[in-house]
Amino acid sequence: MISRKFAAACFCMLFILGSYAQKKEKLNLTLDGIWSGFFDEKKKQTHMLHTSNRFAFIEARTEQNLEMIFSLDFETGKLIDTLFTNQIKQVGDSLPTTFTFFEDYEFSPDDSKILIKTQIEPLFNTSTKEFNYIWDIAKKVMKTVTAEGKQWYSSFSPDSKKIAYVREGNLFVKDLQTDMVQPITYDGAMGQNLYGMADALYENNFGMMQAYQWSPDGQYIAFLRFNETAVKSFPISYYDRVYPEVSKQRYPKAGEMVPEVTVFIYNIKNKIITPVDLGVNPNQYVTGIKWQPDNKGLYIQRLNRTQTKLDVLSADVKTGNTKIVLTETKPDYIKVDPNNIYCLTTRNSFLWLTEDSSYNDIYEVISTTGEKRKITKGDWDVFEIKAVNEGTGDIYYTGNESGIREKHLYKINIDGTKRKKLTDGNGYHNVQLTTNNRYFIDDYSTVNAASSLQMYNTDGRSINEKLLENKELRLKMNEYKISAVDFITVTGNKKEELKGWIIKPYDAPAKKLPVIIYVYGGQSKQEVLDKWDDKQTLTMRYLANQGFLVACIDPRGTPGRGEAFRKATYKKPGDVEIEDIITLKNYLKNNYRIDTANIAVMGWSYGGYLAALAATKYAGQFKAAVAIAPVTNWRLYENIYAERMLQTPGENAEGYNNASPVNFVNNYQSGLLLLHGTADDNVHFQNSMELSKALIQNRKQFDELFYPDYLHNISDNSPNSARIHLFTKITDFLKVQLASTSVAAPVK
């Protein structure tokens, strides 16, 4: 017989264990938590100094209304100095003045001054404009760049004595010793002539933003002019007033006129502008400029309208006359990079990034003859040339040789030997190198682990402790039901490997799971990366916890796999990607316990296009589709991207018809949710309106929700009410559409 004392002890122990279990019960993920910033990772906003082995970072103490820029030494791993604080005490001040909080900063080439960037706001999709201030570190004096309005693309001269900037489409130079402002152009205006800055078309499709460059000696500025007057305007309405305001956006659609782009060289001392000879064809693109080291010449990249021929021109600074140094051609299209020229000062040559042999590789090109020699070799892509040590012949670059989902820093000798990986750990490494290439900062993350920041030398040895580990975030995440992202490899119909991931519910239900397939699929972005993406991937984990298996795939047509993989969609976008999504669907059927009757496709932008195509042209393959900001008719999209895939509508009318969801509404059955921001200036709201109208006219029932005055990203500041609303709507919709009728079964 059990004694009362023993029974009481057992009861107490069970009570304690039960209480402990209750305390350790993990919390549910919520959209409010994800999009309010609760799970945001900490960032240091680091920048290298130019004249020493030091770097700087921002340290903010909001409770004290304090923000500072600290510098840290690579050789000792110790803090050296406070370079700036928003509690400013200038010469002659008795008490400090509280300066506004700032978002970013930049050092002058001699590290004597700091460009402080405040009140940053979007200009186009990626570019920004801001109020800029210049802090003289030694003199402890703060000056505005200009009080006449926000500036764009401010940059110091090579001698740190001047600063150039763009404002309202005009280019200016300010002398920092005399404070005199020298206008370089006068007739710039948004939607008409843009000087020293790219328009939204070039930014979205070529990655060009700042469109001017100082010469190495600081005596000249080369700049582009975008004449947009021939480009048709698209009206965008804003509904937050009694009479809606209509904004006119220059937007060349497929087959329409493009901006005329010209190049000029400005002599700062003599105030003389020299036009550069680009030929007589206005129907072309200028996709990059780069000064030659001797200050006598300028390299210019000229691309034809069909994007099949790229010339590298060399322009004479004094006359503007040009000659062709290098020409590349492709039967389909050429991958363009405005920054793919890296000039060498001791070899009469430049390094050139190109897909000339199927993968993005580094070549050396002789400046006088255009002769090319391949340096990197292999079935992988180089992303960027980070630095070159001409003394040792070492080239530092990033690429994905170690894995398609990854990014690492490598070095290789210019003769193609001694290739070495400098970063360690599977995942994604964003790096910054010192000017002498002896040290670098590694911002490293994986899909399941937030960023850490570590110092290294270029022999691969770590220095001191980690600067940032995001321990607080990792501890916080341990308290919540957050499933791991598991990578998968799927064999496609053409025997190629397709990379993807899956997320299962944290608490696996005792039934087969309905499936959400999330996809982007466009030629500019990989979705399946071993990289931390807090809000987006946490949202996918939230969806999984609602009782779904969430999967993602990078189909053919996406980058990072060489040109053959990316160009598999040439002249036939949509069909190839949907084929690969169906392959993923069949893979999930064969390898996981899923509810095969309840599978949805969801995507944004190009992914929204694929979701809309899945609901129309491929109706019946999926139970539901969520299309966010989709292209529905390629005739309505930007000409560079659309023509790169499909040529012009006049050349390939059948291709445009076959690729556009709006032409297949007769096939549609049910289960579409259409979402779009009405002020979208990238994929115009017109796309969803055209699809909506066609479905209505064909008496098809579907769901749609539009976000008034929101842009392409449908986003607010924190807390992000728009994203919370958007994903709540999507969650509720998919729960109804993918409601399973199967009988619960034991989990295997």
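**Exercise 1. Find which residues touch the most other members of the largest nonpolar core, and which strand gives the largest share of this core.**

Solution. A nonpolar core is a set of buried Ala, Val, Leu, Ile, Met, Phe, Trp, Tyr and Cys residues joined through side-chain atoms within 4.5 Å, where buried means under 20% relative accessible area with a 1.4 Å probe, protein chains only. In this predicted model, local features need pLDDT of at least 70 and side-chain atom pairs count only at pLDDT 80 or more, while totals for chains, interfaces and linings use all residues. Residues are numbered from 1 along each chain as its sequence is written, and side-chain values use heavy atoms, with hydrogens and water left out. The largest core holds 59 residues, of which Tyr202, Tyr212, Ile221, Leu224, Phe226, Leu298 and Ile300 touch the most other members. Strand E17, residues 220-227, contributes the largest share, 6 residues; strands here are DSSP runs of E, at least two residues, numbered from the N terminus. Another core, of 57 residues, lies apart from it and includes Ile488 and Leu513.

**Exercise 2. List partners of Tyr212 beyond its neighbours within four places in sequence.**

Solution. Taking contact as heavy atoms within 4.5 Å, the partners of Tyr212 include Tyr153, Tyr165, Val166, Leu171, Ile221, Phe223 and Ile289.

**Exercise 3. Describe the chain as a whole through its burial, its contacts and its extent.**

Solution. Of the 748 residues, 56% count as buried. Among contacts between residues at least 6 apart in sequence, 56% join residues at least 24 apart. Along its principal axes, the C-alpha trace spans about 100 × 70 × 65 Å.

Conventions. Buried means under 20% relative accessible area, exposed over 50%, partly exposed in between (1.4 Å probe, protein chains only). Helices (H or I, at least four residues) and strands (E, at least two) are DSSP runs, numbered from the N terminus.
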